[in-house]
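This report walks through selected features of one protein chain, from its strand pairing to its interior and its charged pairs. Please keep the sequence and the coordinates at hand while reading.

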Amino acid sequence: MLPSPLFRDREAVGHELALAVFEEFTRLKTAATELDWPTLATAQPIVYGLPRGGIPVAAAIAEKLNCPLDVVIAKKITRPEDPELAIGAVAATGEILWTQPRPWHLHRTKIYQAALQATLEKAQLQLTQFGPIRPQVEPKGTIAILVDDGIATGMTIAVATQALRQQQPAQIWICAPVAPLELVNWLHQWCDRLILLATPAEFSSVSRFYQNFPQVELDEAIACLQNQSHRKLSAQMNTYPPSPPMLEEAERKFSSALEGEREQ
């Protein structure tokens, strides 16, 4: 039997998840202040979405926390003969996680290395597409909140935590609407806090838990980052919308990113 949808769409569940994250963040700040943990008491949040589906969910959290919205690019590595079967994951910055420890059988080594290289190139290409619109942030000492629209195998979000860990945040959080119950303990190993709205025992795919689950296009994902940058800028200047020169610069970056996508 297929699971019944739990969520309407990414936007709706993003606001629901944002409330849970906001409450947990508030509790952390209160505890850190009371217990005199200055590192956590002063740490500011940065929300990171996993493209492309995780970005609309992450956008709602960044808006609630009034903090920057950035991306971490990670992709699953699949068998050439079975694109649905993940054998690992790789981040655009080169971190790798395999489902099984090496060494592989000798005849598999070249095939798997080729799959790794192809996936890494795709991840790095996607990173360049988001580059012009990403915020200029310093992750060191922050609360890095990593968000996806759902977790199936956990490989991509786990390798994304490895990539974030290299930038020395004070804490890394993993946040998603849904993940299999059997993965919960394993996911805790990769983060300081884990926030999930649902952990069903029966799990077929992330899409089964949504009423509407369309593919997120590049322009929609970039617009999420762009809108959050506008909100942050407006809050700093106490005015909205941004002045025309600032809008022109944001639109130039947005158009540049889209043009890069069309050229591929």
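## An open antiparallel sheet

In this predicted model, three strands form an open sheet in the order 3-4-5, and their pairing is antiparallel. Strand 3 (74–79) and strand 5 (96–98) stand at the edges with a single partner strand each, so one side of each is left without a neighbour in the sheet. Direction ignored, neighbouring strands of this sheet are turned by 40° against each other on average.

The antiparallel pairing of strand 3 with strand 4 (residues 82–91) runs over six bridges. Within this pairing, Thr-78 has Ala-86 of strand 4 as its bridge partner.

## Nonpolar cores

The largest nonpolar core has 43 residues, of which Val-21, Val-47, Phe-130, Ile-145, Val-147 and Trp-173 touch the most other members. Two or more residues each are given to this core by helix 1 (10–34), helix 3, strand 2, helix 4, strand 6 (143–147), strand 7, strand 8 (193–198) and helix 7 (218–237). A second core, separate from this one, has 29 residues and includes Tyr-48, Val-72, Ile-157 and Leu-194.

Residues up to four places away in sequence not being counted, Val-147 touches Leu-17, Val-47, Tyr-48, Gly-49, Leu-50, Gly-54, Val-57, Ala-58, Ile-61 and Cys-175. Tyr-48, which is listed in the second core, is thus also among the residues that Val-147 touches.

## Two residues of helix 4

Phe-130, found in helix 4, counts as buried because its relative accessibility is 0%. Apart from neighbours within four places in sequence, Phe-130 is in contact with Pro-51, Ile-55, Val-71, Ile-73, Leu-218, Ala-221, Ile-222 and Leu-225. The C-alpha atom of Phe-130 is separated by 9.2 Å from that of Asp-70, a residue 60 places apart from it along the chain.

Gln-126 also lies in helix 4 (residues 106–130), and its relative accessible area of 7% is under the 20% limit, so this residue is buried too. Its contacts, with neighbours within four places in sequence left aside, are Pro-51, Arg-52, Ile-73 and Lys-75. Pro-51 and Ile-73 therefore appear in the contact lists of both Gln-126 and Phe-130.

## Backbone exceptions

Most residues other than glycine have a negative phi, and most peptide bonds are trans. Against that background, the peptide bond from Pro-51 to Arg-52 is cis, with omega near -10°. Arg-52 is found in the loop between strand 1 (45–49) and helix 3 (54–65).

Positive phi values occur at Asn-66, where phi is near 55°, and at Gln-168, where phi is near 60°. Asn-66 is found in the loop between helix 3 and strand 2 (69–71) and is partly exposed, with a relative accessible area of 41%. Gln-168 is found in the loop between helix 5 (155–165) and strand 7 (171–178), and with a relative accessible area of 47% this residue is likewise partly exposed.

## Cysteines without disulfides

A search of the whole structure finds zero disulfides. For Cys-175, the nearest cysteine sulfur is that of Cys-191, 8.2 Å away; a disulfide would require the sulfur atoms to be within 2.5 Å, so Cys-175 is in none. Cys-175 is buried, with a relative accessible area of 0%, and Cys-67, at 2% relative accessibility, also counts as buried.

## Salt bridges

Seven salt bridges are found in the whole structure. In one of them, Glu-24 is joined to Arg-27, with the closest N and O atoms 2.6 Å apart; both residues lie in helix 1, three residues apart, about one turn of the helix. Glu-24 is buried, with a relative accessible area of 18%, whereas Arg-27 is partly exposed at 48%.

The salt bridge between the side chains of Glu-217 and Arg-52 (3.8 Å, N to O) links distant parts of the chain, 165 residues apart, with Glu-217 in the loop between strand 8 and helix 7 and Arg-52 in the loop between strand 1 and helix 3. Asp-70 and Arg-134 also meet through their side chains in a salt bridge (2.7 Å, N to O), and this pair links Asp-70 in strand 2 to Arg-134 in the loop between helix 4 and strand 6, 64 residues apart. Asp-70 is buried, with a relative accessible area of 2%, while Arg-134, at 26% relative accessibility, counts as partly exposed. Through salt bridges that share partners, Glu-24, Arg-27 and Arg-193 are joined into one network.

Terms used
Residues numbered from 1 in each chain as written. Predicted model: local features only at pLDDT ≥ 70, side-chain atom pairs only at ≥ 80, totals over all residues. Heavy atoms only, no water. Helix = DSSP H or I, 4+ residues; strand = E, 2+ residues; numbered from the N terminus. Buried < 20%, exposed > 50% of the residue type's maximum accessible area, 1.4 Å probe, protein only. Contact = heavy atoms within 4.5 Å. Pairing = 2+ DSSP bridges. Axes fitted to C-alpha atoms, helices over the stretch in contact; angles between N-to-C directions. Core = buried A, V, L, I, M, F, W, Y, C linked by side-chain atoms within 4.5 Å. Salt bridge = Lys/Arg side-chain N within 4 Å of Asp/Glu carboxyl O.
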